Amino acid sequence: MFLRYFVKQLILPPGGLLLLLLAGWWLRRRFPRLTAGCFLLGFAGLWVMSMPLAVEWAARLLEREAPLAQAEWPALAGRAEAIVVLGAGRDVADPGWGGDQPSLLAVERMRYAARLAGASGLPVLTSGGLHFGVLPPSEAALMAEGLAADFGVAVRWREESSRTTWENAVESAAILKAAGVRRVVLVTQAYHMPRARWCFERQGLEVIAAPMGFMGTPNARPGGGWLPESRAFWQSSLLLNEVAGRLLYPLAYRSPAP
């Protein structure tokens, strides 16, 4: 798990772009043309990732699942048997809370799942394992606690051993099938939904997509979205991670579960 983390940070931006800039500096005397190319790619990559307009364009390519209309929420009980909300990391040892807390992305998913649960009456499963696979509490436990304390939603099942989206699906499916559940409402960010749906459907579950947190919607800004913003860089990192996941998952996980 730790090796995977370090490799990912070195390859994906900003790590990969910073390595390009470092390589340009290291090779500046022996290979001036290569140095210029490294600096150009590194600088351009950092600039593009920081542009809100680039985030908007890229998100539109990834956010392929339509939103679930609010008018459909009460009828979900007749179409599905459970709501599954996927973990999205944590804020570690927050002194204000006295311990680990779900990340902002996870809280966004929790809020949406709570609205769906309130409208439909469906039971909820939270999915997410330990910090780096070894350090408690689990993401599922943190989300279950937050759903109960902040949104008044009692979680029926916790899947606490997964480390990836694929494992979210494998471990959640085992729990749900044991409870006789085959049809689920899946809650995650819109850019992540196609890969998450693919994983869960490969486990033999019927999925109703409930995407939220869309980034591809038009957002008027001074400068037309060409000026760099720190939030855009963070969003670009999320989108690039998703692109990598979509490319690698079909190669890494070819066989569906029985």
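Let's start at Glu56, which touches Met215, Gly216, Thr217, Pro218 and Asn219 once residues up to four places away in sequence are set aside; contact here means heavy atoms within 4.5 Å. Glu56 has its place in helix H4, residues 52–62. Helices (H or I, at least four residues) and strands (E, at least two) are DSSP runs, numbered from the N terminus. With a relative accessibility of 11%, Glu56 counts as buried, where buried means under 20% relative accessible area, exposed over 50%, and partly exposed in between, using a 1.4 Å probe and protein chains only.

A word on what you are looking at: this is a predicted model, in which local features need pLDDT of at least 70 and side-chain atom pairs count only at pLDDT 80 or more, while totals for chains, interfaces and linings use all residues. Residues are numbered from 1 along each chain as its sequence is written, and side-chain values use heavy atoms, with hydrogens and water left out.

Now step back to the whole chain. The protein chain holds 9 helices and 7 strands. Its radius of gyration is 20 Å, close to the 18 Å that the globule rule gives for 258 residues, so the chain is as compact as a globular protein of that length. That radius is taken over C-alpha atoms, and the globule rule is 2.2 Å times the number of residues to the power 0.38. Along the principal axes, the C-alpha atoms fill a box of roughly 65 × 45 × 40 Å. Of the 258 residues, 45% count as buried. Among contacts with a separation of 6 or more, 72% are accounted for by residues 24 or more positions apart.

The surface and charges come next. The accessible surface of the protein chain comes to about 13,700 Å², and 63% of it belongs to carbon and sulfur atoms. Accessible areas come from the Shrake-Rupley method with a 1.4 Å probe, and for residues only the protein chains shown count as cover. The protein chain carries 26 positive and 20 negative side chains, and the centres of the two sets lie 9 Å apart. In this count Lys and Arg are positive and Asp and Glu negative, with His and the chain ends not counted; each charge is placed at NZ of Lys, CZ of Arg, CG of Asp or CD of Glu.

Helix H8 is a good place to look inside. Spanning residues 193–201, H8 is mostly covered, with 7 of its 9 residues buried. Those buried residues are Met193, Pro194, Arg195, Ala196, Arg197, Cys199 and Phe200. Their cover includes H4, strand E1 (82–86), helix H7 (165–178), strand E6 (183–189), strand E7 (206–212) and helix H9 (230–252). Helix H4, you may recall, is where Glu56 has its place.

Within H8, follow Phe200. At 0% relative accessibility, Phe200 counts as buried. Leaving aside neighbours within four places in sequence, Phe200 is in contact with Val84, Leu86, Asn168, Ala169, Ser172, Leu186, Leu205 and Val207. The C-alpha atoms of Phe200 and Ala169 are separated by 4.9 Å, although the two are 31 residues apart along the chain.

Cys199 is buried as well, with a relative accessible area of 0%, and Cys38 is buried at 9%. The structure holds 0 disulfides, a disulfide being a pair of cysteine sulfur atoms within 2.5 Å.

Helix H6, residues 139–151, opens with Glu139, which counts as buried at 18% relative accessibility. Beyond residues up to four places away in sequence, Glu139 touches Gly87, Ala88, Gly89, Arg90, Gly128 and Gly129. Met143, also in H6, is buried with a relative accessible area of 1%. With the same residues up to four places away left out, Met143 touches Val85, Leu86, Gly87, Pro102, Ala106, Met110, Thr126 and Ser127. Ala106 also lies 9.0 Å from Glu139, C-alpha to C-alpha, with their positions 33 residues apart in sequence.

Two long spans give a sense of scale. The C-alpha atoms of Met143 and Thr35 are separated by 47 Å, with the pair 108 residues apart along the chain. Gly45, found in helix H3 (residues 32–49), has its C-alpha atom 44 Å from that of Leu122. At 16% relative accessibility, Gly45 counts as buried.

One backbone detail closes the tour. Most residues other than glycine have a negative phi. Ala93, in strand E2 (residues 90–94), has a positive phi of about 50 degrees although it is not a glycine.
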